[in-house]
Amino acid sequence: EGIDSTDSVSWYRGEVNFYRDYFPLVAHECEHARSILDIGCGTGRLLELLADRPDLVRVGIELNDARASIAQRKAGCPIHRIPVEQFESPDRFDVITFINVLSHIPWFDPVFRAVRTLLADGGRFIMKTGELVPDVRKEDLYDWAVPVHVHFLGIETIEYLCRRYGFRVASHIRIPLADELFSPA
């Protein structure tokens with residue numbers, strides 16, 4: 001039986017598994033935050049896990065309507081269904097997350113300008129994406145889905161983006177794909 005990536009219930013189960021490993025990393029960066037914006041929040045699992053912090057303002061952005069509906073229900077916080085470059089907020093966010101979203105956006109400039117505008121001074125921008133080594137072959141990857149993925153990012157993409165858009169890399173953790181695909185979760 002295959003996994004339908006358009007099935008939002010299955011997507012939520014995938015996020016539950018994903019955040020078993022990644023939530024501690026994100027939670028650590030949110031320890032002193034008063035607000036978080038999760039761009040591309042999917043079915044809202046990250047925002048749901050942060051719900052035990054009543055002092056934390058949680059906001060999500062998700063363009064897939066079915067996933068956004070699940071996120072609204074599961075996380076119990078505002079989920080906006082507009083691109084981040086159209087999102088306006090009178091407040092700035094202490095943490096902005098961008099988990100597995102980068103390869104899906106068609107243009108970097110408007111998105112990163114919006115992130116810069118929405119991020120509070122001294123805030124944290126947490127990005128997780130796949131990076132491909134220079135000698136990668138098509139048969140090395142399990143998911144070359146196009147147009148779902150519009151970019152395949154090189155090994156120095158994070159450093160390049162940070163330089164280009166005025167961010168500083170505070171931490172860059174590389175986890176081999178095999179460790180993600182074959183973890184106990």
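How are H1 and H3 oriented to each other, roughly parallel, roughly antiparallel, roughly perpendicular or oblique? In this predicted model, the two helices pack at an angle of about 55°, and H1 and H3 are therefore oblique to each other.

## Helices H1 and H3

Helix H1 covers residues 8–29 and helix H3 covers residues 65–75, and where they pack their axes lie 9 Å apart. The crossing of this pair is right-handed. On the side of H1 the contact involves Ser8, Val9, Trp11 and Tyr12, which meet Ala66, Arg67, Ile70 and Lys74 of H3. Sorted by character, the residues of this contact comprise five nonpolar, one polar and two charged.

## The sheet

Five strands make up an open sheet, arranged in the order S3-S2-S1-S4-S5, with parallel pairing. Its edges are formed by strand S3 (79–80) and strand S5 (119–128), each of which pairs on one side only.

Within the sheet, strand S1 (residues 35–39) is paired with strand S2 (residues 57–61) in the parallel sense, over five bridges, and Ile36 stands opposite Arg58 in S2. The pairing of S4 with S5 is likewise in the parallel sense and runs over six bridges, with Ile99 placed opposite Lys128 in S5. Between S4 and S5 the chain passes through H4, and the resulting β-α-β crossover is right-handed.

## Helix H4 between the sheet and H5

Helix H4 (residues 108–118), the helix of that crossover, packs on the sheet, where it touches S1, strand S4 (93–99) and S5. The direction of H4 makes about 140° with that of S5.

H4 also packs against helix H5 (residues 157–165), at an angle of about 65° and with the two axes 11 Å apart. Because angles of 65 to 115 degrees count as roughly perpendicular, this makes H4 roughly perpendicular to H5. The crossing of H4 and H5 is right-handed. H4 contributes Phe108, Asp109, Phe112 and Arg116 to the contact, while H5 contributes Leu161, Arg164 and Tyr165; taken together, the residues of this contact are four nonpolar and three charged, with no polar ones.

## The two helix pairs side by side

For the pair H1 and H3, then, the description is an angle of about 55° and an oblique arrangement, whereas for H4 and H5 it is an angle of about 65° and a roughly perpendicular one. A right-handed crossing is found for H1 and H3 and also for H4 and H5.

Notes
Residues numbered from 1 in each chain as written. Predicted model: local features only at pLDDT ≥ 70, side-chain atom pairs only at ≥ 80, totals over all residues. Heavy atoms only, no water. Pairing = 2+ DSSP bridges. Helix = DSSP H or I, 4+ residues; strand = E, 2+ residues; numbered from the N terminus. Contact = heavy atoms within 4.5 Å. Axes fitted to C-alpha atoms, helices over the stretch in contact; angles between N-to-C directions. Right-handed = clockwise from strand over helix to strand, strands pointing away. Parallel < 35°, antiparallel > 145°, perpendicular 65-115°, else oblique. Left-handed = near helix turned anticlockwise from the far one by under 90°. Nonpolar A, V, L, I, M, F, W, Y, C, P; charged D, E, K, R; others polar.
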